[in-house]
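Biologist: Please pick one spot for a close look and then work outwards from there. I'd love a single connected account rather than a list.

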Amino acid sequence: MTTDLHGRTSRLELSDQTLRDWEAVVLDAGPEGIVLDRSAFYPGGGGQPADHGVLIWQGVETRVVGVRKGDDLQLIPAEGDPIPPAGVVVRAAVADARRSALMRTHSGLHVLCGVVFRDYGCLVTGGNMDELSARMDFNLPEVPPGFKEAVEDACNAEVAADRRIDVKVLPREEAFAIPDIIRTATNLVPEHVQDVRIVDIVGLDTQADGGTHVASTRQIGRIKVAKIESKGRGFRRLRITISD
């Protein structure tokens with residue numbers, strides 16, 4: 001299994017999105033943050049919020065309520081919870097229901113992005129998500145008749161198709177040789193990033209992305225286009241919800 005490194009922490013979730021608990025060693029700790037040698041807590045990014053969870057050590061529990069990205073990956077402890085000392089071995093666990101809901105939602109947004117790009121040629125200008133609800137903004141000058149219903153039906157057809165969702169890492173030059181690999185109006189991959197993580201909904205959508213995803217579109221559930229909003233001339237916001 002391959003891992004990425006953020007500061008002193010090996011990021012396990014990038015290669016195993018099903019991982020929910022593991023052992024780790026505390027490298028540094030204080031009320032402002034806890035640094036582990038290995039972590040599967042997603043730190044947030046690309047619109048996906050950071051994971052929550054717990055650290056269990058010597059019969060004590062510390063709740064993790066967020067993750068801070070800096071020189072190191074710092075797990076943010078709940079206010080007033082005990083802080084594990086450096087050197088101690090902890091059992092770490094990601095809150096499964098929250099992560100699983102966010103994975104379904106993130107994959108749902110990629111289906112939405114793929115459908116709107118394929119059928120209408122529109123790029124993404126922004127997005128955000130919570131558990132089982134999300135929004136995505138597109139450079140769509142006019143809303144065609146029946147657009148909302150057509151997009152929803154097309155998204156759910158892709159869910160029913162049970163398309164495989166693959167994740168791989170490619171050298172930057174090879175990644176950017178893939179047609180339409182950037183689905184945002186602005187390329188958000190920094191110049192210094194030489195290994196690009198690719199999320200591929202096979203046969204629908206391939207793009208650079210750092211978040212966590214389910215293994216196939218059927219695992220997303222039903223996608224509902226709840227609302228379409230105007231965000232200024234030429235821009236539309238689509239709000240979606242995900243259900244079983």
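Modeller: Gladly, and let's start at D162. With 36% relative accessibility, D162 falls between the 20% and 50% limits, so this residue counts as partly exposed. Please keep in mind that this is a predicted model. D162 sits in the loop that joins α2 to β12 (165–171). Its backbone deserves a glance too: phi is near 55°, a positive value in a residue other than glycine.

From that loop we can go two ways, and the sheet that β12 enters is a good place to begin. The order of this open sheet of 3 strands is β12-β13-β14, and the pairing is antiparallel. Each of β12 and β14 (205–208) has a single partner strand and stands at an edge, so one side of each has no neighbour in the sheet. From one strand to the next, the twist averages 20°. Between β13 and β14, the antiparallel pairing runs over 4 bridges, and here you will find D200 opposite T206 in β14. A helix joins the picture as well: α1 lies across β12, β13 and β14, at about 115° to β14.

Now for the other side of the loop, at α2. In the ring pair of Y120 and F147, the centres are 4.8 Å apart and the planes meet at 70°; anything over 60 degrees counts as edge-to-face, so this pair does too. Y120 belongs to helix α1 (residues 96–120) and F147 to helix α2 (residues 147–160), which makes this a link between distant parts of the chain, 27 residues apart. The two rings sit in unlike settings: Y120, at 29% relative accessibility, counts as partly exposed, while F147, at 1%, counts as buried.

Both helices also feed the largest nonpolar core. It holds 31 residues, and those touching the most other members are V111, L112, F138, V151, I223 and I240. Two or more residues come from each of α1, β10, β11, α2, β13 (195–201), β15 (222–230) and β16 (236–243). The largest share, 8 residues, is given by α1.

I240 is a handy guide to this core. Setting aside neighbours within four places in sequence, its contacts include G108, L109, L112, L132, I223 and V225. One of those partners, L132, takes us back to where we began, with an unusual-looking loop residue in mind: L132 is not a glycine, yet its phi is positive, at about 65°. L132 lies in the loop between β10 (124–130) and β11 (133–138), and its 28% relative accessibility makes it partly exposed.

One more stop, since we have been talking about rings. The model has 2 aromatic pairs in total. Besides the helix pair, W22 and F41 form an edge-to-face pair, with 5.4 Å from centre to centre and 70° between the planes. W22 is part of strand β3 (residues 21–30) and F41 is in the loop between β5 (38–39) and β6 (53–57), so this pair ties together parts that are 19 residues apart in sequence. Here both members, W22 and F41, are buried.

Key: Residues are numbered from 1 along each chain as its sequence is written. This is a predicted model: local features need pLDDT of at least 70, side-chain atom pairs count only at pLDDT 80 or more; totals for chains, interfaces and linings use all residues. Side-chain values use heavy atoms; hydrogens and water are left out. Rings of Phe, Tyr and Trp (its six-membered ring) pair if their centres lie within 6.5 Å; planes under 30 degrees apart count as stacked, over 60 as edge-to-face and the rest as tilted. Buried means under 20% relative accessible area, exposed over 50%, partly exposed in between (1.4 Å probe, protein chains only). A nonpolar core is a set of buried Ala, Val, Leu, Ile, Met, Phe, Trp, Tyr and Cys residues joined through side-chain atoms within 4.5 Å. Contact means heavy atoms within 4.5 Å. Two strands pair if DSSP finds at least two bridges between them. Axes are lines fitted to C-alpha atoms, for helices over the stretch in contact, and angles run from 0 to 180 degrees between N-to-C directions.
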